[in-house]
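Here is a brief report on a predicted model. It covers core packing first, then backbone geometry.

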Amino acid sequence: MASLKEVKTRINSVKSTRKITSAMKMVASAKLHKAQGAIENMLPYQKKLNKILTNFLSADLPIESPYVKEREVKRVAIVAFSSNTSLCGAFNANVIKMLLQTVGEYRTLGQDNILIFPIGKKVDEAVKRMGFQPQETSPTLSDKPTYQEAADLAHRLMGMFVSGEIDRVEIIYHHFKSMGTQILLRETYLPIDLTHIIDEEEQNKEQMNEEQKDKGKAEKREVANDYIIEPNAEELIANLIPTVLSQKLFTAAVDSNTSEHAARTLAMQVATDNANELIQDLTKQYNKSRQQAITNELLDIVGGSMK
């Protein structure tokens with residue numbers, strides 16, 4: 001059995017660790033609150049852009065865009081979002097696992113034909129361990145994402161796709177759903193899957209309609225023909241699609257950053273709770289050992305007096 005001094009030292013050590021995890025939890029929670037507000041304010045804008053695009057598509061307007069053309073995949077780019085730091089549960093491990101799975105599916109193309117764009121130090125380190133040379137990306141896009149940084153990367157990917165340097169772009173990131181739920185997503189970024197956008201928009205419409213029915217509100221719909229297009233539909237769509245793609249990448253970055261803070265908050269909460277339980281167990285062990293030591297001393301005193 002451990003001595004009283006050893007148990008006391010361990011209790012103090014666990015208490016020090018608890019202070020650290022508790023402080024990290026509060027910091028992560030504050031960052032989560034800020035990031036959650038950002039993603040909640042931005043998602044309606046993202047959905048509105050998609051809605052405008054789908055309204056034009058449903059109006060059977062001619063679409064001539066290089067970003068929607070599918071071709072045989074000979075070279076692929078993968079954009080994976082992780083965090084710069086650890087202590088956020090399985091957040092980074094899940095991203096790396098999904099990245100390994102995705103790379104495995106494209107192994108037949110050859111390593112030189114798989115370009116990986118890591119967003120975050122943790123996935124960057126994993127890419128190097130996999131034997132790949134990571135493509136250069138902004139170091140702050142993971143923890144402090146800005147639209148300009150996301151747009152720069154988006155235009156870089158779009159340029160590579162249009163020039164034929166790559167034939168497909170996939171993105172891997174966490175979608176923030178709630179404090180306890182972050183969903184790992186793998187999506188095709190380029191070429192744009194128009195049917196996927198339309199299906200997603202239809203689901204959003206159905207959900208909105210159901211909510212309106214539950215609240216007793218009249219159903220409201222927008223009609224594509226209500227738009228006044230200047231100078232013409234072709235030029236508008238040519239500018240709209242790159243904007244949607246840039247916003248999509250920015251949304252993924254903010255979504256991943258919000259999910260990271262949620263995962264770290266939860267992980268630090270669990271660590272703090274475990275520390276509290278461990279302190280209680282060690283305190284009981286200390287009290288029992290101390291009581292046993294006192295009892296032994298009393299028995300020695302009583303035994304000595306009877307001699």
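## Contacts of Val79

Leaving aside neighbours within four places in sequence, which residues is Val79 in contact with? The list includes Phe117, Ile119, Leu153 and Leu157. Val169, Glu170, Ile171 and Ile172 complete the set.

## Nonpolar cores

The largest nonpolar core holds 37 residues. Val79, Leu157, Tyr189 and Leu190 touch the most other members. Seen by element, two or more residues come from each of α1 (4-58), β1 (76-81), β2 (114-119), α4 (147-162), β3 (168-178), β4 (181-190) and α6 (233-305). The largest share belongs to α6, which gives 10 residues.

Another core lies apart from this one. It has 17 residues, among them Ile78, Leu109, Val127 and Phe132.

## Backbone exceptions

Most peptide bonds are trans, and most residues other than glycine have a negative phi. Two places in this model depart from those patterns.

The bond from Leu190 to Pro191 is cis, with omega near -5°. Pro191 sits in the loop between β4 and α5 (194-215). Leu190, on the other side of that bond, is among the core residues that touch the most other members.

Leu87 is not a glycine, yet its phi is positive, at about 60°. Leu87 belongs to the loop between β1 and α2 (91-105). Is Leu87 buried, exposed or partly exposed? Its relative accessibility is 46%, so Leu87 counts as partly exposed. That class lies between the buried limit, under 20%, and the exposed limit, over 50%.

Notes:
Residues are numbered from 1 along each chain as its sequence is written. This is a predicted model: local features need pLDDT of at least 70, side-chain atom pairs count only at pLDDT 80 or more; totals for chains, interfaces and linings use all residues. Side-chain values use heavy atoms; hydrogens and water are left out. A nonpolar core is a set of buried Ala, Val, Leu, Ile, Met, Phe, Trp, Tyr and Cys residues joined through side-chain atoms within 4.5 Å. Buried means under 20% relative accessible area, exposed over 50%, partly exposed in between (1.4 Å probe, protein chains only). Helices (H or I, at least four residues) and strands (E, at least two) are DSSP runs, numbered from the N terminus. Contact means heavy atoms within 4.5 Å.
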